[in-house]
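Student: Could you take one part of this protein and walk me through it slowly? I would like to see how that part sits in the whole chain.

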Amino acid sequence: MTSSIPLKFYDIADEYATETEIPVIETERDALAHYFQLLITRLMNNEEISEEAQQEMAVEAGINQGRIDEIADFLNQWGNE
């Protein structure tokens, strides 16, 4: 666990891992938590999140870009609960 990423983003990454069709391996956990941190911080700041921005954040966080759409769906569902 990277100390600069708050635990709440690891909790979100862990919840995502239980619902994804593509299994999350342990080595992806830090990258996913970082991606959720970047994404949710932008959402909380009411910033627009374009497809290009999502791809840039995925590269910065080091996640597989194939997860972007599934993560967006997960957050939409999670936000509606």
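Tutor: Happy to; we will start with the whole chain, settle on R67, and then visit a few other residues. Please keep in mind that this is a predicted model.

Let's begin with the overall fold. The protein chain has four helices and zero strands, so in order from the N terminus the elements read α-α-α-α. For 81 residues, a compact globule would have a radius of gyration near 12 Å, and the protein chain agrees with that at 12 Å. Its C-alpha trace spans about 30 × 25 × 25 Å along the principal axes. Of the 81 residues, 36% count as buried. If you take the contacts between residues at least 6 apart in sequence, 57% of them join residues at least 24 apart. The accessible surface comes to about 5300 Å², and carbon and sulfur atoms account for 46% of it. As for charge, the chain has 4 positive and 18 negative charges, and the mean positions of the two sets are 6 Å apart.

Now to our main residue. R67 sits in the loop between α3 (51-61) and α4 (68-80). Is R67 buried or exposed? R67 has a relative accessible area of 2%, and because buried means under 20%, it counts as buried. What does its side chain reach? The side chain of R67 comes to 2.9 Å from the backbone oxygen of P23. Leaving aside residues up to four places away in sequence, R67 touches Y16, T20, I22, P23, V24, E28 and L32.

One of those partners, T20, is worth following from its own side. T20 lies in the loop between α1 (7-19) and α2, and with a relative accessible area of 13% it is buried as well. A polar atom of the T20 side chain lies 3.1 Å from the backbone nitrogen of I22, and I22 is itself among the residues that R67 touches. Beyond residues up to four places away in sequence, T20 touches R67 and E70.

That brings us to E19, in helix α1. E19 is partly exposed, with a relative accessible area of 40%. Again not counting residues up to four places away in sequence, its contacts are F74 and Q77. E19 and E70 are 51 residues apart along the chain, while their C-alpha atoms are separated by 9.9 Å.

For contrast, let's look at two residues elsewhere in the chain. T41 is in helix α2 and is partly exposed, with a relative accessible area of 36%. A polar atom of its side chain lies 2.6 Å from the backbone oxygen of Q37. T41 and A61 are 20 residues apart in sequence, and their C-alpha atoms are 13 Å apart in space.

The other is N46, in the loop between α2 (29-44) and α3. Its phi is near 55°, a positive value in a residue other than glycine. N46 has 72% relative accessibility, and since the cut-off for exposed is over 50%, N46 counts as exposed.

To bring it back to your request: R67 is a buried loop residue whose side chain reaches the backbone oxygen of P23, and T20 is one of the residues it touches.

How values were computed
Residues numbered from 1 in each chain as written. Predicted model: local features only at pLDDT ≥ 70, side-chain atom pairs only at ≥ 80, totals over all residues. Heavy atoms only, no water. Helix = DSSP H or I, 4+ residues; strand = E, 2+ residues; numbered from the N terminus. Buried < 20%, exposed > 50% of the residue type's maximum accessible area, 1.4 Å probe, protein only. Polar contact = N/O pair within 3.5 Å; in protein donor to acceptor, adjacent residues only side chain to side chain. Contact = heavy atoms within 4.5 Å. Rg over C-alpha atoms; globule rule 2.2 N^0.38 Å. Areas by Shrake-Rupley, 256 points an atom, 1.4 Å probe, with all protein chains shown as cover. Lys, Arg positive; Asp, Glu negative; His and termini not counted. Charge placed at Lys NZ, Arg CZ, Asp CG, Glu CD.
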